[in-house]
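Got your viewer open and a hand on the mouse? Let's take a walk through this one together, one selection at a time.

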Amino acid sequence: MTAFARRARASAGRMHPELSLVSYTLLGHLEESGGCRATDLASHYALDKSTVSRQVAALERAGLIERRLDPEDHRVQVLHLTEAGTRILAQVTQSRRVAFRERLTGWPQEDLARFASYLLRYNATVAQEEPVRQPPAD
């Protein structure tokens, strides 16, 4: 698992040298959620608000995210991917898919099915262990 995490961090740096693996994770969440507040990111990932603030600032400087006023509450700013953010996230996703395909080339179908079932089982176990996330208090 440690080797896997090291490779993931290294590949993130190669895709966009200014961004960390955490930044890519945040971009993915913003895409998946359709945008959210920085406090929502901190809550979702159980990170300190200052950590998220630094990551968000880096993503803004890189032009990958932008702040928009919440249409329902103009006091709130919601983070969204920019076109550049969407594009780089798609590039990273495609690059990772290609890398996985290359690494798994030659694996027998039975091994691929077993490996996939183990990953599903692992992810299901982790999901069960995660605390139920409450919406942040305003």
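Before you click anything, here is a term for the tour: two residues are in contact when they have heavy atoms within 4.5 Å of each other. Helices (H or I, at least four residues) and strands (E, at least two) are DSSP runs, numbered from the N terminus. What you have loaded is a predicted model, where local features need pLDDT of at least 70 and side-chain atom pairs count only at pLDDT 80 or more, while totals for chains, interfaces and linings use all residues. Residues are numbered from 1 along each chain as its sequence is written, and side-chain values use heavy atoms, with hydrogens and water left out.

**Stop 1: the whole chain**

Show everything as a cartoon. You should find six helices and two strands, and from the N terminus on they run α-α-α-α-β-β-α-α. Of the contacts with a separation of 6 or more, 48% are made by residues 24 or more positions apart.

Now switch on the surface. About 9,800 Å² of the chain is exposed, and carbon and sulfur atoms supply 54% of that area. Accessible areas like this one come from the Shrake-Rupley method with a 1.4 Å probe; for residues, only the protein chains shown count as cover. A residue is called buried under 20% relative accessible area, exposed over 50%, and partly exposed in between. Of the 138 residues here, 25% count as buried.

**Stop 2: helix α4**

Select residues 49-61, which make up α4. How far apart are the end C-alpha atoms of α4? They are 18 Å apart, which agrees with the 18 Å that its 13 residues should span at 1.5 Å a residue (the expected span is 1.5 Å times one less than the number of residues).

Next, colour V52, Q55, V56, A58 and L59, the buried residues of α4. Look down the helix axis: these buried residues fall within an arc of 160 degrees, so they line one face of the helix. The arc is that of the directions from the helix axis to the C-beta atoms. A bit of background helps here: an α-helix has 3.6 residues a turn, so residues three or four places apart point the same way.

What do the buried residues of α4 pack against? Show α2 (21-33), α3 (38-45), β1 (65-69) and β2 (77-81), and you have their partners. Then spin to the other side of α4, where K49, R54 and R61 are exposed.

Zoom in on Q55. With a relative accessible area of 17%, Q55 counts as buried. Leaving aside neighbours within four places in sequence, Q55 is in contact with S20, V22, S23 and L26. Before you leave, click on G63, which follows α4 and has a positive phi, near 75 degrees.

**Stop 3: salt bridges**

Time for some charged pairs. A salt bridge is a side-chain nitrogen of Lys or Arg within 4 Å of a carboxyl oxygen of Asp or Glu. The whole structure has six of them.

Select E66 and R68 to see one, at 2.8 Å from N to O. E66 is partly exposed, at 31% relative accessibility, and R68 is also partly exposed, at 37%.

Move on to D73 and R75, a salt bridge with its closest N and O atoms 2.9 Å apart. Is R75 buried or exposed? R75 is exposed, with a relative accessible area of 75%, whereas D73 is partly exposed at 21%.

Now pick R114 and E110, whose closest N and O atoms are 2.9 Å apart in another salt bridge. The two are separated by about one helical turn, because they sit four residues apart in helix α6. Add D111 to your selection: salt bridges that share partners join E110, D111 and R114 into one network.

**Stop 4: a nonpolar patch**

For the last stop, select W107, F115 and L119. Together they make a nonpolar surface patch of about 270 Å². Patches are made of residues with over 30% relative accessible area and no salt bridge; like charges are joined within 9 Å, and nonpolar side chains (Val, Leu, Ile, Met, Phe, Trp, Tyr) within 5 Å.

Where does W107 lie? You'll find W107 in the loop between α5 (83-104) and α6 (109-129), and it is partly exposed at 36% relative accessibility. F115 lies in helix α6 and is partly exposed too, at 35%. Not counting residues up to four places away in sequence, F115 touches L104 and W107.

Methods: Buried means under 20% relative accessible area, exposed over 50%, partly exposed in between (1.4 Å probe, protein chains only).
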